[in-house]
Amino acid sequence: MQTLTKTYTGAKIVIETLKQLGVDTIFGYPGGIVLSVYDELAQQSDIKHYLVRHEQSAVHCAEGYARVSDKCGVSVVTSGPGATNIVTGLANAYLDGFPLVVITGQVSAELLHQDAFQEVDIIDITKSCTKKNFQVKCAKDLQKTLIEAYETAMSGKKGPVVVDITKNVFSEKTEFHNIKPQITKIPCPN
């Protein structure tokens, strides 16, 4: 049987990959860099979006969701100060062991490390309060990175993961594959 591959923009790959992973709820606060993700959210009905009034609330809501549902909480925020507002929620989820995938927007890859408007090194800022963090600079790496982030958040001692996605990735097109994620159940010492 031949598998048909589809070509999507990075923004659509974010939503389709989250659907593949069984995500049914996202908490977020839109900003310029992640608006294309919000456009894709509006065109589907499988994932419910809760609009919060502050990025910190998005992460706390996602953590609360993870606490009561035993699922991975997901939030989406924009770049710069929007991304830095997630740190308290990440620290809380990290210390309490609740799984989160927090997607942050970032300036375009060619502008990284040039003090571009709203550029913040959210990867270094969040290293001490996440299980792992990723920065995606091209669309072909997006799907596998989101799957790895989800698997990392949900395996072993659960905890938060940050996926920082540069602006160019959201509009780049690449192949989308039907992949079933494998969550490794590692016993966690009490």
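The following dialogue examines how several features of a predicted model are named and justified.

Visitor: What makes the strands of this model an open sheet, and in which order do they stand?

Guide: There are 6 strands, arranged in the order β3-β2-β4-β5-β7-β6, with parallel pairing. The strands at the edges are β3 (48-51) and β6 (132-136); each has a single partner strand, so one side of each is left without a neighbour in the sheet. From one strand to the next, the twist averages 20 degrees.

Visitor: How do you know that β5 and β7 are paired?

Guide: Two strands count as paired if at least two bridges are found between them. Strand β5 (residues 100-106) and strand β7 (residues 160-166) are joined by 7 bridges and run parallel, so the requirement is met. Within this pair, Leu 100 stands opposite Pro 160 in β7.

Visitor: What makes β2 and β4 a pair?

Guide: The requirement is at least two bridges, and 2 bridges join β2 to strand β4 (residues 73-77), so these parallel strands qualify as a pair. Phe 27 has Ser 75 as its bridge partner in β4. On β3, the count is 4 bridges with β2, again in the parallel sense, and Gly 28 stands opposite Leu 51 there. Between β2 and β3 the chain passes through helix α2 (residues 35-42), and this β-α-β crossover is right-handed.

Visitor: Why is strand β2 said to be covered on both faces?

Guide: A residue is buried when its relative accessible area is under 20%. In β2 (residues 25-28), Thr 25 and Phe 27 on one side are buried, and so are Ile 26 and Gly 28 on the other. Both faces of the strand are therefore covered.

Visitor: How do you know that the buried residues of helix α5 line one face?

Guide: Gly 89, Leu 90 and Ala 93 are buried in α5. Viewed down the helix axis, the buried residues fall within an arc of 100 degrees, so they line one face of α5. Their cover includes α3 (55-69), β5, α6 (122-126) and β7. Helix α5 (residues 87-96) itself lies across β5 and β7, and runs at about 145 degrees to β7. After the helix comes Gly 97, with a positive phi near 75 degrees.

Visitor: What makes the phi values of Asp 115 and Gln 118 worth noting?

Guide: Most residues other than glycine have a negative phi. Asp 115 is not a glycine, yet its phi is positive, about 55 degrees. Gln 118 is not a glycine either, and its phi is positive at about 65 degrees. Asp 115 is found in the loop between β5 and α6, and Gln 118 is in the loop between β5 and α6 as well.

Visitor: Why is Asp 115 called exposed, and what is Gln 118 called?

Guide: Exposed means over 50% relative accessible area, and partly exposed lies between 20% and that value. Asp 115 has 77% relative accessibility, so it counts as exposed. Gln 118 has 30%, so it is partly exposed.

Visitor: How do you know that Lys 12 and Glu 16 form a salt bridge?

Guide: The cut-off is a nitrogen to oxygen distance within 4 Å. For Lys 12 and Glu 16 the distance is 3.7 Å, so the pair qualifies. These residues are 4 residues apart in helix α1 (residues 10-20), about one helical turn. Lys 12 is partly exposed at 25% relative accessibility, whereas Glu 16 is buried at 17%.

Visitor: Why is the pair of Lys 19 and Asp 46 said to tie parts together?

Guide: Their side chains meet in a salt bridge at 3.5 Å, N to O. Lys 19 lies in helix α1 and Asp 46 in the loop between α2 and β3, so the pair ties together parts that are 27 residues apart in sequence. Lys 19 is partly exposed at 23% relative accessibility, and Asp 46 is exposed at 52%. A network of salt bridges links Lys 12, Glu 16, Lys 19, Glu 40 and Asp 46.

Visitor: What makes Glu 63 buried, and with which residue does Glu 63 form a salt bridge?

Guide: The relative accessibility of Glu 63 is 2%, and the limit for buried is under 20%, so Glu 63 counts as buried. Glu 63 forms a salt bridge with Arg 67, the closest N and O atoms being 2.8 Å apart. Both residues lie in helix α3, 4 residues apart. Arg 67 is partly exposed, at 40%. The whole structure holds 12 salt bridges.

Key. Residues are numbered from 1 along each chain as its sequence is written. This is a predicted model: local features need pLDDT of at least 70, side-chain atom pairs count only at pLDDT 80 or more; totals for chains, interfaces and linings use all residues. Side-chain values use heavy atoms; hydrogens and water are left out. Axes are lines fitted to C-alpha atoms, for helices over the stretch in contact, and angles run from 0 to 180 degrees between N-to-C directions. Contact means heavy atoms within 4.5 Å. Buried means under 20% relative accessible area, exposed over 50%, partly exposed in between (1.4 Å probe, protein chains only). The arc is that of the directions from the helix axis to the C-beta atoms. A crossover is right-handed if, with the strands pointing away from the viewer, the path from the first strand over the helix to the second runs clockwise.
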